[in-house]
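Reader: I would like a close look at one part of this model. Please take the helix that packs against the sheets, and describe what lies around it.

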Amino acid sequence: MSKITAAITAVGAYVPEFVLTNAMLENMVETNDEWITTRTGIKERRILKAEGKGTSFLAIKAAQNLIQKASLDPATIDLVIVATATPDMKAASTASYTSTQIGATNAFSYDMDSACSSFLFGMSTAASYIESGRYKKILLIGADKMSSIVNYKDRATCIIFGDGAGAVLLEATEDESIGIKDSILKSDGSGRHYLHMKAGGSLKPASVETVLNKEHFAYQEGQAVFKFAVKGMADVSAELLERNQLTGDDIAWLVPHQANLRIIDATANRMGLDKEKVMINIQKYGNTTAATLPLCLWDWESQLKKGDNIVLAAFGGGFTWGATLLTWGYDSK
Ligand code: COA
């Protein structure tokens, strides 16, 4: 019997219409376009302005885009995973609402949160289910409404994050030349104080005091995160190539988490990759947390060819980080 692997067979995404530019931020906090551009590479980000709409709105739109592009019958999906750090609400999963809204009537569903690595970790979970033979079709959505946890008076975080969502369909295949080949995934909880939300969880439930202290916003110590991210993402990506006996020449594309252009450059350099092989859209969307990787695949889909070796790499709060090697399974339709 041939081995079953998991391959990406369709991509979808959605970004809200409202564009928050660096010039607009100059009127909100003490910053400037030159500082933001040189330190991060970000020029603008998308923000979901609509009242009463949470992350599920983004996730549903991305899934519907995929379903429509791929002419997919949603009733054939076995599992829907929503990777997110900003669920609609605690204790009722964003994935169950999303799967019902998109008509995935035969799927079970759940959320996964490992901050900016959620999508990468979710891909590994989905691939393992498929490789085991248990499920055949899994919809993995990375969606975050970061504007719901960003303090637009804190210049250390508000310049970085944006809202968006992307989705991939992972399907079982017996074609061993394509699909997900290998992953190295890591976490280190000693880093959790550098990037987190201080209150609102079971450790420090919401109170008048936590609201007054602005503890329901994302808090980040940028430099500490930066140092860890550069080393973490570059190390695993290089290790992944080495253990698969590959060099930068064998890789068609690097799909890096879009947190900071300098972190992306450091990872590409360690892998020996030319800049033309690196997907970079941070200038348009900023850091959309779980959505960065599928948003890259969506933007570059028309250039991807069957047989392309692709490395996806991510880093996030927790700390969490990792890299995945896959071979692309289809030419753009
Ligand atoms: N505009 C202008 N100046 C700013 C600023 C802003 N938005 N934010 C900070 N500064 C100032 C600081 O106050 C500091 O001033 P000082 O030297 O007078 O004290 C100076 O700029 C340098 O700040 P620093 O925090 O050392 O800058 P940095 O080069 O580390 O860049 C980040 C800041 C946040 C862009 C960078 O650390 C980063 O990208 N970190 C990783 C973030 C990340 O990847 N997060 C998500 C992980 S998934």
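Author: Contact here means heavy atoms within 4.5 Å. The model is a predicted one. With that cut-off, helix α5, residues 118–132, lies across β8, β12 (309–316) and β13. The direction of α5 makes about 130° with β8.

These strands belong to an open sheet of four, in the order β8-β13-β12-β11, and the pairing in this sheet is mixed. Its edges are β8 (179–187) and β11 (253–256), each of which pairs on one side only. On average, neighbouring strands of this sheet are turned by 15° against each other, direction ignored. The edge strand β8 pairs with β13 (residues 320–327) in the antiparallel sense, over eight bridges. Within this pair, Ser-183 has Thr-324 of β13 as its bridge partner. In general, the strands of a sheet pair through backbone hydrogen bonds, parallel or antiparallel.

There is also an open sheet of five strands, ordered β1-β7-β6-β4-β5, again with mixed pairing. Here β1 (5–14) and β5 (108–112) are the edge strands, each pairing on one side only. Neighbouring strands are turned by 20° against each other on average, with direction ignored. Nine bridges join β1 to β7 (residues 163–173), and the two strands run antiparallel. In that pair, Ala-10 stands opposite Leu-169 of β7. Helix α5 packs on this sheet as well, where α5 touches β1, β4, β5, β6 and β7. The direction of α5 makes about 170° with that of β6. So the contacts of α5, counted as heavy atoms within 4.5 Å, include β8, β12 and β13 of the four-stranded sheet and β1, β4, β5, β6 and β7 of the five-stranded one.

A second helix, α4 (residues 94–101), lies across β4 (79–83), β5 and β6 (137–145). Helix α4 runs at about 140° to β5. Both α4 and α5 therefore have β4, β5 and β6 among their contacts, by the 4.5 Å cut-off.

The model also holds a ligand, with 23 residues around it. Those that come nearest are Thr-31, Arg-39, Gln-220, Gln-223 and Asn-260. A polar side-chain atom of Gln-223 lies 2.5 Å from a ligand oxygen atom. For Arg-39, a polar side-chain atom is 2.7 Å from an oxygen atom of the ligand, and for Arg-155 the corresponding distance is 2.8 Å. On its own the ligand has 950 Å² of accessible area, and the protein covers 73% of it.

Conventions. Residues numbered from 1 in each chain as written. Predicted model: local features only at pLDDT ≥ 70, side-chain atom pairs only at ≥ 80, totals over all residues. Heavy atoms only, no water. Pairing = 2+ DSSP bridges. Axes fitted to C-alpha atoms, helices over the stretch in contact; angles between N-to-C directions. Near = heavy atom within 4 Å. Polar contact = N/O pair within 3.5 Å; in protein donor to acceptor, adjacent residues only side chain to side chain. Areas by Shrake-Rupley, 256 points an atom, 1.4 Å probe, with all protein chains shown as cover.
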